[in-house]
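Here is a set of short exercises to work through with the coordinates open beside you. Try each task before reading its solution.

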Amino acid sequence: MMRAALYGRFSSDLQNPGSIADQARVCRAHAARIGASVVAEYSDAAISGAAAVNRPGLQQLLADAAAGGFDVVIAEALDRLSRSLADMAAIHDDLVAAGVAISTVAEADVGLLHIGLKGTMNALFLEELGRKTRRGIEGALMAGRLPGQPPYGYAADPGVVDGAVVKGRWRTVPAEAAIVRRIFADYLAGASPGQIAAALNAQGVPSPRGTLWAAQTIRGCPARATGILNTAAYNGEIVWGRTVGAKDRRSGTVRSRIADPARMRRVPREDLRLVDAATWAAVKARQDVLAHGRPEAARTPRHLLQGLLRCAGCGRPMRATGLRQDHGKRARRFVCATKWSRGEAACPNRRTALAIGVETRVLAAVAGELTHPAAVEAFVREFHAAAAERARGGGRERAEAAKELAEVERRAGRLVDQVAEGAIAGRAVAERLAGLEARRAALEARLDALAAPAPITLHPDAPRRFAQAVAALQTTLARGDTREDIAARALLREVVRTVWFHPGEAKGEYHLVVESDLAPLLDERPTPTAKASSGLIRSHRPEILVRLAG
């Protein structure tokens, strides 16, 4: 008599656990019909059939089959063994190699034809189930119900309609909303996510999980919209479908990737807004600078001139170190990083200088020189000259982009004509049109970016504003960490591009050369735009903005 092993499975913990017993009952009856004796039973409860590797019951069945424990595997239907076409083929191959047959109540004796046809049908069922699930969630979203757990700053607010509980509603939690606004404000003031997290922990503010805050909780991942700074709900918008997941049949884990933007669903929800649109846009701009722009302009520096002070002897940065001073005290001093780490053979600059002295002299020079109207007006003239030169050089690039745009539009028009005439049809046509449309949008955006910049005018209040900022800086050299201190330091670092450190001949003597970019003072536009426009423009003096004698 054949020895039979029974296998049962159901997918979700929302299904009836008795389903396993029901499957076993009909499988025993089937075993009796084919003259088999049941010698083993295996099951997997509340586990999806999309992958085989994470099902202990099935894995034990395959191991026992390889050991010769039975002659036939009996299940209610093939989809109980697997809904994955690849897994179904692998299971079939493993059982055939062990000399074990497959028989089901639904399909009877299972052969290669069943594996191919039913495996494909089961895989299509999973695909269709996913499509219907997505459709249901989208419908709920359009109806005002929100999927998933509410993020930090909100709480679930279910209601009752006609005696039934209606889920998917959120309400604002005022205390948490205030923390969200504080995080956005501190980040715009120049604080790093690590500094913000440390301050919240020091004040005993619970994190979203009720534990300590971490920098990653605030920073997150902009592309995947994780982290406090990337939660779209704070900007009055719900974005669903930003990532898509697929189960890896080898590991059983779900791997996610960024979805096609066209498949994302965006629903305005002004009632959920916690930060204004201008604040949200400014945070996104700073994140972009961190990711693609000058890092020293976006990161919060440990000291005022970090990344800006360079040794004139080797061109490498100066570092701050706490060398021992008179009376046994330690004070921060600037030294050449190359000389410090590689010796005088790499750089002969042995001069060191107290950091407070260097910073004070740089601030005094900037306050006295950069706020002079003649310096700023000369910078504007040079900026316009350089902008005109770049515009002439970009003419050819604009012409090439315009030529390609015309060709893309011609090809798209021809494709539309062919569809209208009935010459071609099908999904491939839609994909080709979508590709051409995407390329057209990219070329139009490129042409807009290459357009000649608008004339730049000096903001009449720029000298006074900058003088006030420098005056405020001179009172915060003790490294205060208030929001105002961080903002003041960030403004100076927007203006000062490089400070060159020249050792003098006498003991303790050194000279400083400050190079500046005045673009942030030109008008009221956001700083990233001004910086991108300024390029390599220097001050009104040839090559050198300010020279300070030792």
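**Exercise 1. Strand partners**

Task: In this predicted model, find which residue stands opposite Asp-109 of β5, and work out how the strands around that pair are joined.

Solution:
- Step 1. The residue facing Asp-109 in β5 is Ser-103.
- Step 2. Look at the strands themselves: β4 and β5 (residues 108-109) run antiparallel and are joined by two bridges.
- Step 3. Follow the chain between them. Three residues separate β4 from β5, and the two strands form a hairpin.
- Step 4. Now turn to strand β3 (residues 72-75), which runs parallel to β4 (residues 101-104) and is joined to it by four bridges. Here Ala-75 has Thr-104 of β4 as its bridge partner.

**Exercise 2. From pairs to a sheet**

Task: Determine in what order the five strands form their open sheet, and which strands stand at the edges.

Solution:
- Step 1. Start from β1 (residues 2-9), where six of the eight residues are buried, leaving the strand mostly covered.
- Step 2. Pair β1 with strand β2 (residues 36-44): the two are parallel, with eight bridges between them. One pair to look for is Ala-5 opposite Ala-40 of β2.
- Step 3. Pair β1 with β3 as well. These two also run parallel, over four bridges, and Leu-6 has Ile-74 of β3 as its bridge partner.
- Step 4. Put the pairs together. The order is β2-β1-β3-β4-β5, an open sheet with mixed pairing.
- Step 5. Read off the edges. β2 and β5 each have a single partner strand, so each has one side without a neighbour in the sheet.

**Exercise 3. Helices on the sheet**

Task: Identify which strands helix α1 lies across, and which strands α2 touches.

Solution:
- Step 1. Helix α1 (residues 19-34) lies across β1, β2, β3 and β4. Its direction is at about 155 degrees to β1.
- Step 2. α2 also packs on the sheet, where it touches β1, β2 and β3. The angle between the directions of α2 and β2 is about 145 degrees.

**Exercise 4. Two helix pairs**

Task: Describe how α2 packs with α4, then do likewise for α6 with α7.

Solution:
- Step 1. Decide what to report. Two packed helices are described by the angle between their axes and the distance between those axes.
- Step 2. For helix α2 (residues 56-66) and helix α4 (residues 85-97), the angle is about 25 degrees and the axes are 9 Å apart. Angles under 35 degrees count as roughly parallel, so α2 is roughly parallel to α4. Their crossing is left-handed.
- Step 3. List the contact. α2 contributes Leu-58, Leu-61, Leu-62 and Ala-65, while α4 contributes Ile-91, Asp-94 and Leu-95. By class these are six nonpolar residues, no polar ones and one charged.
- Step 4. For helix α6 (residues 174-188) and helix α7 (residues 193-202), the angle is about 140 degrees, with 10 Å between the axes. This angle makes α6 oblique to α7. The crossing of α6 and α7 is right-handed.
- Step 5. List this contact too. Ile-179, Arg-182, Ile-183, Asp-186 and Tyr-187 of α6 meet Pro-193, Ile-196, Ala-199 and Leu-200 of α7. The class count for α6 with α7 is seven nonpolar, no polar and two charged.

**Exercise 5. One residue, then the whole protein**

Task: Is Leu-415 buried or exposed, and what do the totals say about the protein?

Solution:
- Step 1. Locate the residue: Leu-415 sits in helix α14 (residues 395-420).
- Step 2. Apply the cut-off. Buried means under 20% relative accessible area, and Leu-415 has 1%, so Leu-415 is buried.
- Step 3. Check a pair. Leu-415 and Leu-433 are 18 residues apart in sequence, and their C-alpha atoms are 7.6 Å apart in space.
- Step 4. Zoom out. The protein has 550 residues, of which 38% count as buried, and it contains 18 helices and 20 strands.
- Step 5. Finish with the contacts. Among those with a separation of 6 or more, 63% are between residues 24 or more positions apart.

Terms used
Residues numbered from 1 in each chain as written. Predicted model: local features only at pLDDT ≥ 70, side-chain atom pairs only at ≥ 80, totals over all residues. Heavy atoms only, no water. Pairing = 2+ DSSP bridges. Axes fitted to C-alpha atoms, helices over the stretch in contact; angles between N-to-C directions. Parallel < 35°, antiparallel > 145°, perpendicular 65-115°, else oblique. Left-handed = near helix turned anticlockwise from the far one by under 90°. Contact = heavy atoms within 4.5 Å. Nonpolar A, V, L, I, M, F, W, Y, C, P; charged D, E, K, R; others polar. Buried < 20%, exposed > 50% of the residue type's maximum accessible area, 1.4 Å probe, protein only.
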